[in-house]
Amino acid sequence: MKILVINGPNINMLGIREPGIYGSQNYETLLCDIDAWANELGCQVECFQSNHEGDIVDKIQQAYGEVDGIVINPAAYTHTSVAILDALKSVGIPAVEVHISDVTKREDFRQISYAGMACEEHIIGKGLEGYHLAMQYLCKKYK
Ligand code: DQA
């Protein structure tokens, strides 16, 4: 089974950006953790991060026929991007939405998730462990 992990804007700034909200671990260590989790679960994984909405749409389209599951933290595009929602619906690949912080307890503008409407599971506010839980979910269901 191949899982694609997609992270949106500013996730590459983990460890620097608002550590009180997103923690002190940086993006590179998240990538190492994801590799270790893939190993543990016996699946293949590819990670992709972009600050650009269209690049995320392109990556989702390219996953069609290539990937069995998507873990996506669209970051700020969660709350604005119908294009990412439509891309996820277009490819129909099982997807899990992850948010590091508990967006349900934050500002009003974070209460809508467009991408989440195309995701079958939502892991919110579990920190970086959320990516692990999302990968476990996909492997358990689709491997
Ligand atoms: C986030 C929550 C979003 O509201 C925010 O814009 C992010 C990160 C999270 O993982 O908690 O960049 O997706």
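Colleague: Which ligand atom pairs with the side chain of histidine 79, and at what distance?

Modeller: A polar contact here means a pair of N or O atoms within 3.5 Å; within protein, one must be able to donate a hydrogen and the other to accept it, and residues adjacent in sequence count only if both atoms are side-chain atoms. In this case, an oxygen atom of the ligand sits 2.7 Å from a side-chain N or O of histidine 79. Serine 101 has a polar side-chain atom 2.6 Å from a ligand oxygen, and a polar backbone atom of alanine 76 is 3.2 Å from one. Keep in mind that this is a predicted model, where local features need pLDDT of at least 70, side-chain atom pairs count only at pLDDT 80 or more, and totals for chains, interfaces and linings use all residues. Numbering runs from 1 along each chain as its sequence is written, and side-chain values use heavy atoms, with hydrogens and water left out.

Colleague: Which residues surround the ligand?

Modeller: A residue counts as near if one of its heavy atoms lies within 4 Å of the molecule. Here that gives Arg17, Tyr22, Asn73, Ala75, Ala76, His79, His99, Ile100, Ser101, Val103 and Arg110.

Colleague: And how many strands and helices does the protein have?

Modeller: Those are DSSP runs numbered from the N terminus: helices are H or I with at least four residues, strands are E with at least two. You get five of each, helices and strands, in the order β-α-α-β-α-β-α-β-β-α along the sequence. The C-alpha trace spans about 35 × 30 × 25 Å along its principal axes.

Colleague: Where does serine 113 lie, and what does its side chain reach?

Modeller: Look in the loop between β4 (95–99) and β5 (121–124). The serine 113 side chain makes a 2.5 Å polar contact with that of glutamate 97, and also reaches the backbone nitrogen of glycine 116 at 2.9 Å.
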